Amino acid sequence: MKIQTVETTPFDDQRPGTSGLRKKVKVFQTPHYLANFVQSIFNVLADIEGQTLVVGGDGRYFNREALQIIVKMAAANGFGNVMVGLGGILSTPAASCIIRKYETYGGIILSASHNPGGPEADFGIKYNTANGGPAPEKITEAIFSNSRKITQYRILDSADIDLDTLGEQRLGNMRVEIIDSVSDYADMMEQLFDFDAMCSLLTSNSFSMRFDAMNAVTGPYALEILENRLGAPSGTVLRGEPLADFGGAHPDPNLVHAKELVAVMMGADGPDFGAASDGDGDRNMILGRDFYVTPSDSLAVLAANASLVSGYQQGLAGVARSMPTSQAIDRVAAAKGIECYETPTGWKFFGNLLDAGKITLCGEESFGTGSNHVREKDGLWAVLFWLNILAVRKQSVADIVNDHWKQYGRDVYTRHDYEAIATEGANALMDQLRARTSELTDQRFGDYIVAHCDDFSYTDSIDNSVSSKQGIRLLFKNGARIVYRLSGTGTEGATLRVYIEQPENDPAKFAQDPQQSLAELIGLSASIAKIKDYTGRSRPDVIT
Ligand code: G16
C-alpha cells in the first residue's frame with residue numbers, strides 16, 4: 001500500500017469554535033476540506049510515530065466516510081495503532097474514557113453535538129489530547145494557523161477498513177482495532193455509582209423512568225446500563241437506535257427539542273424521572289414528574305448531594321462552572337467551604353483544573369455536567385448520578401430541588417437564543433455593548449443598578465493562558481446578572497445568547513414561572529442591548 005502525498009490549497013475558515021470545527025456536511029464534503037484539517041491536526045502534534053489514536057463519532061451522516069479518510073491519513077502519518085468505535089461510533093464521553101483507560105496519545109471525535117444531522121445539516125471534528133479532554137486553545141489555534149498555510153497531506157492508498165467487525169485489522173504498517181466502548185464505559189459507571197440501590201429503585205413498582213436517547217449515540221450505552229445492568233423495564237429507553245439523521249429531529253435535549261419526552265413527563269401521571277441526552281452523548285436534560293431541572297440547578301444539586309454517592313463520598317476538591325452558568329453552584333461551594341472556579345464557555349477550560357485536582361465536579365448552563373472521571377461532559381453519567389441520589393433520598397425530583405432552594409436560595413434563570421441572525425448585526429451588537437461597558441457601570445434601570453459591566457476575560461490558574469472577549473456581563477447590585485455572548489457552535493449566521501438570572505430567597509416565589517419572575521430583567525436585556533435594532537428580531541427562537 002502506497003502513501004500518497006496530495007497537493008492542496010488552504011481554506012481560510014478552519015478555526016475551531018467552542019468545541020472543534022463545525023460546518024455544514026456539504027462544506028466537509030468539499031474536496032480536500034476534511035483532509036486539510038486532519039493533516040493540520042497531525043502537523044501540530046509532536047512524535048506521533050508509532051502512537052495510538054482513538055477515532056469515533058456520533059454516527060451522524062458522513063461519519064463513516066470521514067472515518068475512512070482519517071484512518072488512512074493516520075496510517076500515512078505514522079501512527080502505529082488506531083482504536084475505532086464499532087460502526088465508527090463512540091459517544092464523546094466514551095471516547096474520553098477510552099483515551100484515558102488505554103493511555104493513548106489522543107483522539108479525534110466526529111460530532112456536531114446537538115446540531116441536526118443529514119446531508120443538508122451539520123458535521124464536526126475535534127481533537128482530544130492524552131488527558132481525554134478537548135484540545136486547549138493553544139493547540140486549536142496552532143491547528144488553525146497550520147490550516148491556513150497547508151500545501152499537502154498524506155493518505156494511504158488502500159481499501160476501506162471494515163468498521164462493523166470487532167477485532168484487529170491491518171492498514172499498511174498500522175494496526176486498526178475495532179472496539180466496543182459500551183462495556184468499558186458501563187464498567188466505569190458501575191465503579192462510580194451504587195448499582196444495587198439503583199437497581200432496587202428501577203425494578204420497584206413504585207418508580208418509573210424514561211430516558212430519551214433521541215436516536216443519537218447514547219442509545220446503546222443507555223440500553224446496556226439502564227435496561228441490561230440495572231434491570232429497568234424494557235421501554236425505559238426511548239429512541240434508542242442511533243440514526244444518521246437522528247430521525248430528522250434536532251438531537252438537543254432541551255424543552256423545545258425533546259418535546260415528546262417533556263409531554264410524557266409533564267402529566268400528573270407521568271413517570272417519576274425523565275432524562276435525555278444529545279447527538280454525541282455529552283449533554284443531559286433532567287426532568288421530574290411535572291418538573292424541569294435547569295442545568296445550572298442540576299449541577300448545584302449534584303454537588304450538594306455528592307456525599308450520598310459512593311464515587312464521590314471522599315468529598316469534592318472544588319467545583320467549576322462556565323461564566324454564563326447560574327451562580328447556584330457558588331452557594332453550594334460557599335456552604336461546603338470549597339473553591340468555585342468561573343471559566344469561559346467551553347469544556348476545554350475545565351481540563352487544567354481537573355488535571356490539577358482542583359475540581360471534582362463542573363458544569364455548564366448548556367446542559368453539560370461532568371466530573372473528574374473523564375475530561376468531557378457526560379450526559380448518561382449525570383442521569384446516573386441523579387438516579388443514585390433518588391435511590392438514596394427516596395424523594396421526588398421536585399422535592400429534592402425544592403429542598404435545595406430552601407436551603408441555598410434559588411437562582412431564577414433563563415437563556416434566550418436568537419438563532420441564525422446576520423453575522424454583521426450580531427457582531428455590531430456585541431461591539432456596541434463592549435464599547436459601553438464603562439458607561440453602563442453604575443447606571444440604574446428601574447430597580448436594577450449595574451454594579452459592574454465588562455467583557456469577561458479569564459486567566460487560567462494553571463498555565464496562565466488568557467482568554468479574552470468571552471461575553472459581556474452586566475452584574476447588578478442585587479445579585480442579578482445579564483450576560484450576552486455569541487455562540488461558537490452554530491453553522492448558520494450567528495446565534496446571540498442572552499443569559500438572565502436573579503437570586504430569589506423567598507420560598508413563596510419559588511413556584512413562579514421564571515419567564516414571569518424575570519419579566520423585568522428580560523425586557524431590560526432586550527432594550528439595553530438594542531436587540532431588535534441590531535438583529536431585527538423582537539423575540540428569541542429558543543428559550544430554555
Ligand atoms: C459545546 C461546548 C460547551 C458549550 C456549548 C455551547 O457543547 O463543549 O462547553 O457550553 O458548546 O457553546 P456555544 O454557546 O458557544 O454554542 P457541545 O455539546 O455542543 O459540544
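Accessible areas here come from the Shrake-Rupley method with a 1.4 Å probe, and for residues only the protein chains shown count as cover. On that basis I looked up the surface of the protein chain: about 20000 Å² is exposed, with carbon and sulfur atoms supplying 47% of it.

**Basis.** I am working from a predicted model, in which local features need pLDDT of at least 70 and side-chain atom pairs count only at pLDDT 80 or more, while totals for chains, interfaces and linings use all residues. Residues are numbered from 1 along each chain as its sequence is written, and side-chain values use heavy atoms, with hydrogens and water left out.

**Whole chain.** I took helices (H or I, at least four residues) and strands (E, at least two) as DSSP runs, numbered from the N terminus. The protein chain has 19 helices and 27 strands. Its radius of gyration is 23 Å, close to the 24 Å that the globule rule gives for 544 residues, so the protein chain is as compact as a globular protein of that length. The radius is taken over C-alpha atoms, and the rule is 2.2 Å times the number of residues to the power 0.38. I noted that the C-alpha trace spans about 70 × 60 × 40 Å along its principal axes.

Of the 544 residues, 60% are buried. Buried means under 20% relative accessible area, exposed over 50%, and partly exposed in between (1.4 Å probe, protein chains only). For contacts (heavy atoms within 4.5 Å), I looked at pairs with a separation of 6 or more: residues 24 or more positions apart account for 72% of them.

**Sheets.** I counted two strands as paired if DSSP finds at least two bridges between them. One open sheet has seven strands in the order S20-S21-S24-S25-S26-S19-S27, with antiparallel pairing. Its edge strands are S20 (444-445) and S27 (542-543), each pairing on one side only. Within this sheet I checked S21 (residues 448-455) against S24 (residues 472-476) and found antiparallel pairing over five bridges. Asp-455 has Ile-472 of S24 as its bridge partner.

Another open sheet has five strands, ordered S11-S10-S12-S13-S14, and its pairing is mixed. S11 (237-238) and S14 (291-293) are at the edges with a single partner strand each, so one side of each is left without a neighbour in the sheet. S13 (residues 284-288) pairs with S14 in the antiparallel sense over three bridges. Leu-287 stands opposite Tyr-292 in S14.

**Helix H15.** This helix covers residues 423-435, 13 in number, and reaches 18 Å from its first C-alpha to its last, close to the 18 Å expected at 1.5 Å a residue. The expected span is 1.5 Å times one less than the number of residues. I listed the buried residues of H15 as Gly-425, Ala-426, Leu-429, Met-430, Gln-432 and Leu-433. They cover an arc of only 160° around the axis, which puts them on the same side of H15. The arc is that of the directions from the helix axis to the C-beta atoms. On the other side of H15, Glu-424 and Ala-435 are exposed.

**Positive phi.** Most residues other than glycine have a negative phi. I looked up two residues with a positive value. His-32, not a glycine, has a phi of about 75° and is in the loop between H1 (25-28) and H2 (33-44). At 31% relative accessibility, His-32 counts as partly exposed. Lys-394 has a positive phi near 50° and lies in the loop between H13 (379-393) and H14 (397-408). At 69% relative accessibility, Lys-394 counts as exposed.
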